[in-house]
Structures are given as structure tokens and as C-alpha cells.
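Me: Hi! I have a new model open and would like to talk it through with you. Could you take a look?

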Amino acid sequence: MSHRAQVWVALWIVYIVWGSTYLGIELAGETIPAVFGAGVRFTLVGLIVFGLVLWRRGLAALKVRRAELASAALIGLLLPGANSILFITEQKVPIGLTSLIIASVPLWVLLFRLAAGERPDRIASLGLLVGFAGIVLLVRPGGGSGPLGYLLLTVLAAISWAFGSFLSPRIPVPKDALVATGYETLIGGLVLTVIGLATTSASELDPSGWSTRSVFGLVYLILVGSVVGYTAYAWLLANAPIAQVSTYAYVNPVIAIALGVIVLDETITARIIAGAVLILIAVAIVVRRESESGELVGPDGHPAELAPARRT
């Protein structure tokens, strides 16, 4: 297989796998307690990542400075914490709509950059306004898109995701991306698991009450969404132009919307279409302009700071 063909295979793995994680979250959250389920997911992902690091590089690779560990813990609370919110909101908000709101992460990151005194490209800043118009359209009360409180919680998840992505290249996280991912997911997962155990009744934590499709959803998120998706993404970062890799930012919502219609019988309204057009155009503008200026990848090698945060 040619290098170009390998790149496109990896891209489509990321497109489909990360686009389908919204469906996995919806299925898992049907009967598995939300915070606990998210905690189990990220705890196991962290252990898998650490296992890979130990196998490939040995115990010494896991040694980090205290400042790096503290930074990893902060990012771990922001990113998995945002994901745990989706376990809750997707029971009330269509996954297609959820994916569009989360697709706005690059816009929120750009807003954080502006607030920090940075001066991004003017055209990218114009895209910011277009994108936020799309968000307002999607979360405006009425239209059968879901309860306003749950829509706003989804926006909060996007903001948390964006803040974690914004901070990641600016604080001393471990330099090795795989090690950083391991600490972030493990710490975030353990905190969520403890919170989930403390706030959930014993009957809800009884696995006999979990449906087969919820268990499938959780296993899919761990093994396919995280391990397969991140492996393909990491390979792409090393073997393809970042502008091409970042196209997943506006392809994933299309996959999520299609799966919502096919699997969950969700309805695509004119309002969702209009909001989707505005947000995806805005994200395409921001990602392309910022990738051209070299702003998309942080020095830690993590997925681009203006692309939606890691789907680990």
C-alpha cells in the first residue's frame, strides 16, 4: 500500500471511530451511571496507555517532575470531566446536535487565546463570530433540540474541553505525548470513578442492571474509540500534514449525525442543518487558517490545540 493510501486509511479510521464515539457514549449512558462510566472508561484507558509505555520503554519513561504531574492532573480533570458531562447530556440531547456543539471547541480555544492577549489571524477571528452564531442557533430554546439546561451543559463540556486544550501547550505537562496522555486519563478517570461511587446508589452500580448495549458502548469507547482512534491519530501526526489531519474536526460531526439518524432514529431539523452549516464553516476557516500559521499543534505533540480535544 502506498504512503498516500495509508494516510487516507488512517484518516478514515479517525473520521469513523471518533465520529462514532458520540454513539458509544449515548449507549453506555443509557444504563451505566454517567460519572462512574466515564471514570471507568478513562481509568482503563490510562492503564492501557501505561502498559504500552512500560512495554516499549520501561519504567523509567514514566518518571516525571512534580510540576508535570500536577499539570497532567489539571488537564485530566478538564478533559475527562468534560466527557463525563456528555454521558449525562446525551440522554436528552441528540448525538448529532451534541457533536456539533463539541465541534465548536476550536472556536472556544480561539476565544481563550484572544482573552490571553494573543492576536490570531483576522479571518480566523471572523470565523469565530460565524461559529458562535451557529451555537446560539442550536441552543436557542424551542425547536425540539433538547432541554435548554442539557444544551447549556453540553456547551459547558465544550468550554471545559477547549480550556484543557488551550492550557496543555502552555503548562509543563510531560513532554512525551503518550506518557502525558496516560497520566491525564488515569488521574481524571480515578477522580471521576471516586465521585461516581460516592454519588451513585448501590443498585445503579450493580452490573446486572446494565444493558448489553450499554456494556458494548463502554467497551467500544475504551478499545476502539480510545486505543484504535488515538493510535491512528498519533500515526497521522507523524506522517501527514497537520492541515489534512485536522479535517477530522469537521468530518466527525457528519459521521455522528449520520449514526444518530441510522441507529437512533434521530431527526435532522432545518435548525440543526443551519447551525451545522455555520459551525462547520467556522471550524473549517479557523482550523485551516491556524494550521497555515503553525498554531495547531502544541509543543508536547498532543492533538492540535485548535482541533477538538483528544478523544482518548
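Reply: Happy to; below we go through the overall fold, two of the helices, the salt bridges and a surface patch. One thing to keep in mind is that this is a predicted model.

Me: Good to know. What does the secondary structure of the chain come to?
Reply: Twelve helices and zero strands. Read along the sequence, the pattern is simply α-α-α-α-α-α-α-α-α-α-α-α.

Me: And what radius of gyration does the chain have, next to that of a compact globule?
Reply: The chain has 18 Å, and a compact globule of 312 residues would be near 20 Å, so the two agree. If you want a box for a setup, the C-alpha atoms fill roughly 50 × 45 × 45 Å along the principal axes.

Me: Handy. How many of the residues count as buried?
Reply: Of the 312 residues, 54% count as buried. As for the outside, the chain exposes about 12,900 Å², and carbon and sulfur atoms supply 69% of that.

Me: What about contacts between residues at least 6 apart in sequence? Which share joins residues at least 24 apart?
Reply: That share is 88%.

Me: Let's zoom in. How many residues of α4 are buried?
Reply: Eight of the eight, so α4 is largely enclosed by the rest of the structure. Those residues are I95, G96, L97, T98, S99, L100, I101 and I102.

Me: Which helices do the buried residues of α7 pack against?
Reply: They pack against α3 (66–89), α4 (95–102), α5 (105–115) and α6 (122–139). The buried set in α7 is L151, T154, V155, A157, A158, S160, W161, A162, G164, S165, F166 and L167.

Me: How far does α7 reach from its first C-alpha to its last?
Reply: Helix α7 covers residues 148–167, 20 residues in total, and reaches 28 Å, close to the 28 Å expected at 1.5 Å a residue.

Me: I'm curious about T154 in that helix. Why does T154 count as buried?
Reply: T154 has 0% relative accessibility, and buried means under 20%, so T154 qualifies.

Me: What is T154 in contact with, leaving aside neighbours within four places in sequence?
Reply: L86, T89, V93, T98, I101 and I102. Three of those names, T98, I101 and I102, also appear among the buried residues of α4.

Me: Nice link. Changing topic: how many salt bridges does the structure hold?
Reply: Five. One of them brings together the side chains of R213 and E30, at 2.7 Å from N to O. This pair links distant parts of the chain: R213 is in helix α9 (residues 212–239), E30 is in the loop between α1 (3–28) and α2 (34–57), and they are 183 residues apart.

Me: Are R213 and E30 buried or exposed, or in between?
Reply: In between. R213 is partly exposed, with a relative accessible area of 41%, and E30 is partly exposed too, at 30%.

Me: Which residue does R65 meet in a salt bridge?
Reply: R65 meets E68, at 3.4 Å from N to O. Here R65 is partly exposed at 48% relative accessible area, whereas E68 counts as buried at 9%.

Me: And what does E118 pair with?
Reply: E118 forms a salt bridge with R170, and their closest N and O atoms are 2.8 Å apart. These two also link distant parts of the chain, with E118 in the loop between α5 and α6, R170 in the loop between α7 and α8 (177–199), and their positions 52 residues apart. Salt bridges that share partners join R113, E118 and R170 into one network.

Me: How accessible are E118 and R170?
Reply: Both come out as partly exposed: E118 at 23% relative accessibility and R170 at 34%.

Me: Last topic: which residues form the nonpolar patch on the surface?
Reply: V261, I262, V263, I268, I273, V277 and I281, with about 600 Å² of accessible area together.

Me: Which helices supply at least two residues of the patch each?
Reply: α11 (248–264) and α12 (270–292). V261, for instance, lies in helix α11 and is partly exposed at 32% relative accessibility.

Me: Great, thanks for the tour!

Terms used: Residues numbered from 1 in each chain as written. Predicted model: local features only at pLDDT ≥ 70, side-chain atom pairs only at ≥ 80, totals over all residues. Heavy atoms only, no water. Patch = residues over 30% accessible without salt bridge, like charges linked within 9 Å, V, L, I, M, F, W, Y side chains within 5 Å. Areas by Shrake-Rupley, 256 points an atom, 1.4 Å probe, with all protein chains shown as cover. Salt bridge = Lys/Arg side-chain N within 4 Å of Asp/Glu carboxyl O. Helix = DSSP H or I, 4+ residues; strand = E, 2+ residues; numbered from the N terminus. Buried < 20%, exposed > 50% of the residue type's maximum accessible area, 1.4 Å probe, protein only. Expected span 1.5 Å × (residues − 1). Contact = heavy atoms within 4.5 Å. Rg over C-alpha atoms; globule rule 2.2 N^0.38 Å.
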